[in-house]
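Here are some notes to read alongside the structure, written for someone who is meeting it for the first time. They are set out as numbered points, and each can be checked against the view below.

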Amino acid sequence: MGINRLVITSGEPSGIGPDLCIQIAQQGHSNELVVVADPEMLRKRAELLQLPIAIEQFDPEIEPSPTPARTLKVLPVVLKAEAIPGELNPANAEYVLETLKVATEGCLNGTFSAMITAPVHKGVINDAGIPFSGHTEFLEELTETSKVVMMLATEGLRVALATTHLPLKDVADAITPDLLEEVIQVLDSELKQSFGLSQPNILVTGLNPHAGEGGHLGREEIETIEPTLQKLRGSGVCLKGPLPADTLFTQKYLENADAVLAMYHDQGLPVLKYKGFGNAVNITLGMPIVRTSVDHGTALDLAGTGQADAGSLITAIEYAGTMAHHRNLTN
């Protein structure tokens, strides 16, 4: 496996993102890691955490090389105001979005093989007067992607979502044949391209309890989900379902599955987070770039304390490197 150059955005500067970047730099990495951040902020946070770090300015002209321990290559973006751990400041909202833009542009132009995002705080960005609904939507627009799919993964389980951040009362109307077809095609394509699976086996949940129980508990399975799955099976996609969500997440079904497609956010993600929280990764499928992220928030109360757990960021880095490798093989 060749050396990939991976870019990390350090997230909300008053949260644990900068802490995690410094923590993961305490060990060496087989790929080159480049953090987009304010170098002075990272120095101050390292001093606060009492962790040794050598900060080097990133030079794209130098060939990528493995990252040595206690070294951090940084692509500088300067803060608008001093970052105080645990204290949100809307003045730095533009800084956060600029780090995302710089990293995305670097992936699009081939400087980086993949991007990993530390958590941002949606509220403080909106407080700054900038409409922002989340990383995924922001990157979807930056990369001009028509359809992205959210998938979380941990050891032994991948769960993708047909719908994401919708009120439960709106989910049934949102699940249309067109939506399901688009989501499944993205999921199947990415499992092949980014995970190296020649014929992915995808399990699909029903929407209703007991997958509708033959229409007695809802007809979405009969009228929407099953006809769409049957159509896609005809084009060669390997799909099993719709299955009741309360029994799908058992060894009997999962032992031969490459991914699960859940109909809504809290149908699939509680199971995955119970299984792997702290060692899970959020992956955005469907974009022209590889993007992974941590499975947690900014944890303002832990910023600067040294108590933040870097497990999810390490997992996100590992997945990004693996996905970049597989994409390199198929491109």
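1. Lys-275 is a residue of helix α11, which covers residues 265-276, and, in this predicted model, its C-alpha atom is separated by 7.7 Å from that of Thr-154, although the two residues are 121 places apart along the chain. Leaving aside residues up to four places away in sequence, Lys-275 touches Thr-154, Glu-155, Gly-156 and Leu-157.

2. The residues touched by Lys-275 lead to the hairpin of β6 and β7, which has 2 residues between its strands and in which Gly-156 takes a positive phi near 85°. The two strands pair in the antiparallel sense over 4 bridges, and Thr-154 stands opposite Leu-157 in β7.

3. Strand β7 is mostly covered, with 4 of its 5 residues buried. It is also joined to β10 by 3 bridges, the two strands running parallel, and here Val-159 stands opposite Val-260 in β10. Strand β10 (residues 259-262) is likewise joined by 3 bridges to strand β8 (residues 201-205), again in parallel, with Val-260 as the bridge partner of Leu-203.

4. How are the strands ordered in the open sheet? The sheet is formed by 12 strands in the order β3-β4-β2-β1-β5-β12-β11-β6-β7-β10-β8-β9, and the pairing is mixed. Strands β3 (54-57) and β9 (238-243) stand at the edges and have a single partner strand each, so one side of each is left without a neighbour in the sheet. From one strand to the next, the twist averages 30°.

5. Two of the helices that pack on this sheet deserve a look. Helix α5 (residues 135-142) touches β5, β11 (281-285) and β12 (291-294), and its direction makes about 165° with that of β12. Helix α7 (residues 177-193) touches β6 (149-154), β7 (157-161), β8, β9, β10 and β11, and its direction makes about 165° with that of β10.

6. Is strand β1 (residues 5-9) enclosed or open to its surroundings? Because 5 of its 5 residues are buried, β1 is largely enclosed by the rest of the structure. Arg-5, Val-7 and Thr-9 point one way from the strand, whereas Leu-6 and Ile-8 point the other way, and all of them are buried.

7. The neighbours of β1 in the sheet can be traced through its bridges. With strand β2 (residues 32-37), β1 pairs in the parallel sense over 5 bridges, and Leu-6 stands opposite Leu-33 in β2. With strand β5 (residues 114-117), β1 is joined by 4 bridges, the strands again running parallel, and the bridge partner of Ile-8 in β5 is Ile-116. Together, β1, α1 and β2 make a right-handed β-α-β unit.

8. Helix α1 (residues 17-24), the helix of that unit, also meets helix α2 (residues 39-49): their axes come within 9 Å and cross at roughly 75°. Since angles of 65 to 115 degrees count as roughly perpendicular, α1 and α2 are therefore described as roughly perpendicular to each other. The contact is made by Pro-18, Asp-19 and Ile-22 of α1 together with Met-41, Leu-42, Arg-45, Ala-46 and Leu-49 of α2. By class, this contact of α1 with α2 has 6 nonpolar residues, no polar ones and 2 charged ones.

Terms used: Residues numbered from 1 in each chain as written. Predicted model: local features only at pLDDT ≥ 70, side-chain atom pairs only at ≥ 80, totals over all residues. Heavy atoms only, no water. Axes fitted to C-alpha atoms, helices over the stretch in contact; angles between N-to-C directions. Parallel < 35°, antiparallel > 145°, perpendicular 65-115°, else oblique. Contact = heavy atoms within 4.5 Å. Nonpolar A, V, L, I, M, F, W, Y, C, P; charged D, E, K, R; others polar. Buried < 20%, exposed > 50% of the residue type's maximum accessible area, 1.4 Å probe, protein only. Pairing = 2+ DSSP bridges. Right-handed = clockwise from strand over helix to strand, strands pointing away.
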